[in-house]
Amino acid sequence: MNFGVGLQTLATKYTAQSCVEISNDFDITRNAIVICGPNSLEWFIADYAMVLQPFVSIPISAELYRQKDSKKMPTILGHISEILRQTRPIAIICENSQSKQLLELCLTEITSIKFLVEWKS
C-alpha cells in the first residue's frame, strides 16, 4: 500500500495534477506505468500497488533483455520503444540491470516518462 501511495505522490508531483484528477478523469496516457523485469516479489508488489491506485500496469517481458544475440537487441529495443510511444507511460518500474537501457531510450525518444523506479536484482 505504501508503494502505491508513493507512486501517487510522484505522479502528482511530476504531472501537475492531483491523484483525484487522475482517477476521476481516467486516461491511459496519464495513468500508465511500465513494469519491466523478471517475475519476482518486487514485480508483484509494483503490480499490486498499481491495482490499488489509479494506474494501469503495462508489463514488458524481461526475457527481451536476456537475449544473447546482440544482432537482435536493436529490434528488441525498437519493439519496447514502440510500446512506450503508443502507451505514453508516466513512469517505468524496472530491475536495476535494465534501467540504464530504458533510461537511455527515454532520454532520446520517449518524453512522457517523468520518473523511473528500479529494484535491485
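1. A good place to start is Val51: with a relative accessibility of 58%, Val51 counts as exposed, because anything over 50% falls in that class. Val51 lies in helix H4. Please keep in mind throughout that this is a predicted model.

2. Val51 has company at the surface. Together with Phe3, Leu41, Phe44, Ile45, Tyr48 and Leu52, Val51 makes a nonpolar surface patch of about 680 Å². Which helix gives the largest share of the nonpolar patch? That is helix H4, residues 41-51, which contributes 5 residues.

3. Two members of the patch deserve a second look. A search of the whole structure turns up 1 aromatic pair. Phe44 and Tyr48 form this pair, and their rings are stacked, at 5.9 Å centre to centre with 15 degrees between the planes. Why are Phe44 and Tyr48 separated by about one helical turn? Because they are 4 residues apart in helix H4.

4. Are Phe44 and Tyr48 buried or exposed? Phe44 is partly exposed, with a relative accessible area of 49%, and Tyr48 is also partly exposed, at 44%. Both labels follow because the partly exposed class runs between 20% and 50%.

5. Now for the strands. Strand E3 (residues 91-95) pairs with strand E4 (residues 115-119) in the parallel sense, over 5 bridges. If you would like a spot to find this pairing on screen, try Ala91, which stands opposite Phe115 in E4.

6. Finally, follow the chain through helix H6, residues 96-108: with E3 and E4, helix H6 makes a right-handed β-α-β unit.

Conventions
Residues are numbered from 1 along each chain as its sequence is written. This is a predicted model: local features need pLDDT of at least 70, side-chain atom pairs count only at pLDDT 80 or more; totals for chains, interfaces and linings use all residues. Side-chain values use heavy atoms; hydrogens and water are left out. Patches are made of residues with over 30% relative accessible area and no salt bridge: like charges are joined within 9 Å, nonpolar side chains (Val, Leu, Ile, Met, Phe, Trp, Tyr) within 5 Å. Accessible areas come from the Shrake-Rupley method with a 1.4 Å probe; for residues, only the protein chains shown count as cover. A salt bridge is a side-chain nitrogen of Lys or Arg within 4 Å of a carboxyl oxygen of Asp or Glu. Helices (H or I, at least four residues) and strands (E, at least two) are DSSP runs, numbered from the N terminus. Buried means under 20% relative accessible area, exposed over 50%, partly exposed in between (1.4 Å probe, protein chains only). Two strands pair if DSSP finds at least two bridges between them. A crossover is right-handed if, with the strands pointing away from the viewer, the path from the first strand over the helix to the second runs clockwise. Rings of Phe, Tyr and Trp (its six-membered ring) pair if their centres lie within 6.5 Å; planes under 30 degrees apart count as stacked, over 60 as edge-to-face and the rest as tilted.
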